[in-house]
Amino acid sequence: MVEELLTAAIAAGVGIAVYMGAAARVVKQYERGLVFRFGRLRDEIRTPGFTVIVPGVDRLRKVNMQIVTLPVPAQEGITRDNVTVRVDAVVYFKVVDPANAVVAVEDYRFAVSQMAQTSLRSIIGKSDLDDLLSNREMLNQGLELMIDSPAVGWGVQIDRVEIKDVSLPETMKRSMARQAEADRERRARVINADAELQASHKLAEAAAVMSDQPAALQLRLLQTVVAVAAEKNSTLVLPFPVELLRFLERAAPSPPAAPGEAEAVTGPQAPEAPAVGSSVNGSPPPDELPG
């Protein structure tokens, strides 16, 4: 009798262990469990931890509640200003209603991927090339709204959408490079002209000061010579301005005049000397006298 009771207890223990092994389930912290009993969804959502189902009757479906990073394949389209581009993006989303994510849509990941590709092509056709290159924040918000609108009924919430890269044709890249180079050259010329204008004003002020003080021009010239000589050059070119020569000419004292020269200047005009081969009184020259 004791042996029969012991055998029954062992059999019952084994049966309970087998049952618990088939019925026990573990739901992780980032998951939620949905129980389908005879194919019908139960209202109770299993929270993280240990849970039990009825073997052979219930089926547990685990849904990941983490944020999913979904890359959107590159989509080729034509912008509003007739430029062919290839744009790829990335979508961040998460499941907020596990029941709708499992029941309302067959595969919510695939559905979000297809909706993201369609919305991306639509955004490309509605935007200009400049908006795709420089105004991506507004395009990201518009793309997020386009994807999030149908995803709400699937129990999915779009967290963020980002445009990663915009690929342009080689001809367009070369055209944009030439445009940027021309713009930089224009700005460089404007800056150079502005610098020349400012320098001309300063030089005009310096010239006005030097015209009042002629010695300043000589000092400036000597300072330039010192600066050039400091470079240890073998050849030194020293320009003399006309103003310096005039200053030196005015500063130099005039020499005293000789007495003869004074008389020659102030006295009566001397008669001209006779030309060679002519006589003074009208007589023929000595060579022409008769023999």
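Which exposed residues does the face of H5 turned away from its buried side carry? The tour ends with them, after a stop at a surface patch.

This is a predicted model, in which local features need pLDDT of at least 70 and side-chain atom pairs count only at pLDDT 80 or more, while totals for chains, interfaces and linings use all residues. Residues are numbered from 1 along each chain as its sequence is written, and side-chain values use heavy atoms, with hydrogens and water left out.

Select Ile16, Tyr19, Met20, Val26, Phe50, Val52 and Val54, which make a nonpolar surface patch of about 630 Å². Patch residues have over 30% relative accessible area (Shrake-Rupley, 1.4 Å probe) and no salt bridge (Lys or Arg side-chain nitrogen within 4 Å of an Asp or Glu carboxyl oxygen); nonpolar side chains are joined within 5 Å. Helix H1 (2–23) gives the most, with 3 residues; helices are DSSP runs of at least four residues, strands of at least two. Tyr19 lies in H1 and, at 43% relative accessibility, is partly exposed, a class between buried (under 20%) and exposed (over 50%).

Next, select helix H5, residues 136–151. Its buried residues are Leu139, Asn140, Leu143, Ile147 and Ala151. Viewed down the axis of H5, these fall within an arc of 100° (taken from the directions from the axis to the C-beta atoms), so they line one face of the helix. Show strand E7 (84–95), helix H3 (108–126), helix H4 (129–134) and strand E8 (156–167), against which the buried residues of H5 pack (contact: heavy atoms within 4.5 Å).

Finally, turn to the opposite face of H5: Leu145 and Ser149 are the exposed residues there.

Conventions
Patch = residues over 30% accessible without salt bridge, like charges linked within 9 Å, V, L, I, M, F, W, Y side chains within 5 Å. Buried < 20%, exposed > 50% of the residue type's maximum accessible area, 1.4 Å probe, protein only. Expected span 1.5 Å × (residues − 1).
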